[in-house]
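I opened this structure to make some notes for myself. I wanted to look up its strands, one of its helices and a few backbone angles.

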Amino acid sequence: ISLRDVEPGDLPIFFEHQRDPEATRMARFPARDRDAFDAHWERSLAEETAIMKTVVVDGAVAGNIVSWVRDGERFVGYWIGREHWGRGIATAALSEFLRRVTTRPLVAAVAVDNVGSIRVLEKCGFRLTGPPAAGEDGVREVVYVLED
């Protein structure tokens, strides 16, 4: 895998990834329509604190990994297209991202039943901070933190 800056041609692939019903069910994150998706990415790419990378596997766009600051804390999130699941790509991408982005602590919130993403975080050294709680959108989440 490799990480590179997000390019305009990546966005149609990201759009299709986030439309996948199985992925949205697992992430507990609803798909955006095209206008909302484009507006979100335009804002995100313009955000000064954002770090946004495309995950590339064997020359193909496999997903994205992003980091942003909210309420003084740096968060990380990722989305890998379902056709790339189960191959260790998210773990490899997050590991590479953590070598590049050394700000700590780094926070990740994940839906409680997104077992795959929880495994990725734990493999990369993130630790559970407490019991599940409802996130801003009402989804029950657990928060993981990487301290060092």
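**Loops and backbone angles**

I began with Asp58, which sits in the loop between strand 2 and strand 3. I kept in mind that this is a predicted model.

I looked up the phi of Asp58 and found a positive value, near 50 degrees, in a residue other than glycine. Is Asp58 buried or exposed? Asp58 is exposed, and its relative accessible area is 75%. I noted that the cut-off for exposed is over 50%.

I then went to the loop between strand 3 and strand 4, where Asp71 is placed. Asp71 is not a glycine either, yet its phi is positive, at about 55 degrees. I checked its surface too: Asp71 is exposed, with a relative accessible area of 72%.

Next I looked at the loop between helix 4 and strand 5, which holds Pro105. The peptide bond joining Arg104 and Pro105 is cis, with omega at about 0 degrees.

**Strand 2 and its partners**

I turned to strand 2, which covers residues 51-57. How many of its seven residues are buried? I found six of the seven buried, so strand 2 is largely enclosed by the rest of the structure.

I looked up what pairs with strand 2. Strand 1, residues 2-5, pairs with strand 2 in the antiparallel sense over four bridges. I noted one pair there: Asp5 has Lys53 of strand 2 as its bridge partner.

Strand 3, residues 60-70, also runs antiparallel to strand 2, and seven bridges join the two. In this pairing I noted Val55, which stands opposite Gly63 of strand 3. Strand 2 and strand 3 form a hairpin with two residues between the strands, and this is where Asp58 takes its positive phi.

**Helix 5**

I moved on to helix 5, which spans residues 115-123. Which residues are buried there? I listed Ser117, Ile118, Val120 and Leu121 as buried. They lie on the same side of helix 5, because they cover an arc of only 155 degrees around the axis. I added a general reminder that an α-helix has 3.6 residues a turn, so residues three or four places apart point the same way.

I then looked up what these buried residues pack against. The partners are strand 4 (73-80), helix 4 (89-100), strand 5 (106-111) and strand 8 (140-146).

My last entry is for Gly125, just after helix 5, which takes a positive phi of about 95 degrees.

How values were computed:
Residues numbered from 1 in each chain as written. Predicted model: local features only at pLDDT ≥ 70, side-chain atom pairs only at ≥ 80, totals over all residues. Heavy atoms only, no water. Buried < 20%, exposed > 50% of the residue type's maximum accessible area, 1.4 Å probe, protein only. Arc of directions from axis to C-beta. Contact = heavy atoms within 4.5 Å. Pairing = 2+ DSSP bridges.
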